[in-house]
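These are my notebook entries on a structure that I looked through entry by entry. I kept each entry short and wrote down what I looked up and what I found.

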Amino acid sequence: MFSLNEVSSLAGRIQFRTETLTGIRCRISTERVKRALDRPPVMNNSPGDCPFCPGKITAETPVFPDGSRIIVGESVTFPNLFPFSEHHTVTVITSDHFASNKITEKQIADALTGQYLSLKGFPWCYPSINWNNLPSAGASIVHPHMQAIADNAPTYLAGRYIEESRRYFLKTGEVYYDNLISLETDSERFLFGDEISWIANAVPVGEREVRGYLPVHSIDEFEPYIDVLAKGLHRVITLYKSIGNYAFNAAIYFDRCGTDRGFRSFCSVIARINPNPMSMSDTAFMERLHMEPVILTLPEDLGRYYREFCE
Ligand SMILES: [Zn+2]
């Protein structure tokens, strides 16, 4: 499912990996981890004027056209005040402003349900559920929240997978993800899971990328898997914390509703640099301008670490 070339440099070996399905590439230089940028997080612990805190949330966040917000457990879902998508909603996950590093499975499941409910009314759209945890992962508000987006066209990366999965299906008559999961389950990259398989992605698009593959293609099939997905996502976050990664991004991609075209929804999670006083970021020209991320951790090492310390 991927190809690998290795070259020697003056300071160690570099792997160039290419995902066969999409042609997506990354390079892995494990030497770069020695720069020791992975310091403990510097947390901004002041709620200040946070609009997501209890007391402010009902006064400062918008409502849906019928005047409502979606409440599931502790989570509150409402339209994004500053949307970049035709349908763009925000789900505040916890009432606690400081909860970003102690979110429970139940809180994740409730928030995912709120996101699902805010997305399911647009079956002709390509939805995704997204989460920037902490400012160094791009969150503009520290208070934990997810964002659902849905448009008439998929985002670039989701579109690549939807299109190439369809092509693979037409060519082989097989679902790419079934073949991927059966191969990866026997690899050193497999982490855990049965209904949803969680695997350290062989060609990571971000540091320590883990993907959880769902047995569904569209949002209207998603609800029965919310609890098991929340459990798995919580386990990945726990794995990250045990390594020292507190900041992360997550995205769950869906095809539009209707005919199964060979795509399977998956949740991608990547570790990000912890909040730090220098405002240093782990995203630079290779990641954003070349779409060819430089990775420090071998996916096989992440699999080994999980089995040794987290199983
Ligand atoms: Zn807050």
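The entries below go from the metal site to the strands and then to single residues.

**Entry 1: the model.** I noted at the outset that this is a predicted model.

**Entry 2: the zinc ion.** I asked which residues coordinate the zinc ion. I found the sulfur atoms (SG) of Cys50 and Cys53 and the ND1 atoms of His97 and His143, at 2.1 to 2.3 Å. I then looked up the angles that the 4 donor atoms subtend around the zinc ion: they run from 102 to 120°, and the arrangement is therefore tetrahedral. For that reading I needed the cut-off that all angles lie between 85 and 135 degrees.

I wrote down the spacing of the donor residues in sequence as C-x2-C-x43-H-x45-H. Next I placed two of the donors: Cys50 is in the loop between β3 (25-28) and α1 (57-60), and His97 is in the loop between β6 (87-92) and α2 (105-119). This pair therefore ties together parts that are 47 residues apart in sequence.

**Entry 3: burial of the donors.** Are these donor residues buried or exposed? Cys50 has a relative accessible area of 5% and is buried. Cys53 is buried as well, at 13%. His97 has a relative accessibility of 6%, so I entered this residue as buried too, the limit being under 20%.

**Entry 4: disulfides.** I asked how many disulfides the whole structure holds. The search returned 0. For the record, a disulfide is a covalent bond between the sulfur atoms of two cysteines.

**Entry 5: strand β13.** I looked up how many residues of strand β13 (residues 266-272) are buried. The count is 7 of its 7 residues, and the strand is mostly covered. I then sorted the side chains by direction: Phe266, Ser268, Ile270 and Arg272 point one way, while Cys267, Val269 and Ala271 point the other way. The residues on both sides are buried.

Which strands pair with β13? Strand β11 (residues 210-213) does so in the antiparallel sense, over 4 bridges. In this pairing I found Phe266 of β13 as the bridge partner of Tyr213. Strand β12 (residues 247-253) also runs antiparallel to β13, and 7 bridges join the two. Here I noted that Ile270 in β13 has Asn249 opposite.

**Entry 6: Arg264.** I located Arg264 in the loop between β12 and β13. Its relative accessibility is 13%, so I recorded Arg264 as buried. I asked which side chain makes a polar contact with the side chain of Arg264. The partner is Asp260, at 3.0 Å. Setting aside neighbours within four places in sequence, I listed the contacts of Arg264 as Val175, Tyr177, Leu214, Pro215, Val216 and His217.

**Entry 7: a sheet of 4 strands.** I looked up the order of the strands in an open sheet of 4 strands and found β1-β2-β3-β14, with mixed pairing. The edge strands are β1 (2-9) and β14 (294-295), each of which pairs on one side only. Inside the sheet, strand β2 (residues 12-19) and β3 are antiparallel and share 4 bridges. One residue pair that I checked is Gln15 with its bridge partner Ile28 in β3.

**Entry 8: Arg307.** I found Arg307 in helix α7 (residues 299-310). Arg307 has a relative accessible area of 33% and is therefore partly exposed. Leaving out residues up to four places away in sequence, I recorded that Arg307 touches Glu188 and Phe190. A polar atom of the Arg307 side chain lies 3.0 Å from the backbone oxygen of Phe190. I also looked up the separation from Ser46, which is 261 residues apart from Arg307 along the chain: the C-alpha atoms are separated by 37 Å.

**Entry 9: positive phi values.** I looked for residues other than glycine with a positive phi, and I noted Arg208, with about 50°. Arg208 lies in the loop between β10 (197-200) and β11, and this residue is buried, with a relative accessible area of 12%. Met291 also has a positive phi, near 50°, and is likewise not a glycine. I placed Met291 in the loop between α6 (285-288) and β14.

Notes: Residues numbered from 1 in each chain as written. Predicted model: local features only at pLDDT ≥ 70, side-chain atom pairs only at ≥ 80, totals over all residues. Heavy atoms only, no water. Disulfide = S-S within 2.5 Å. Buried < 20%, exposed > 50% of the residue type's maximum accessible area, 1.4 Å probe, protein only. Donors = N, O, S within 2.8 Å, 3.2 Å for Na, K, Ca; no water. Tetrahedral: all angles 85-135°; square planar, octahedral: opposite > 155°, others 65-115°. Pairing = 2+ DSSP bridges. Polar contact = N/O pair within 3.5 Å; in protein donor to acceptor, adjacent residues only side chain to side chain. Contact = heavy atoms within 4.5 Å.
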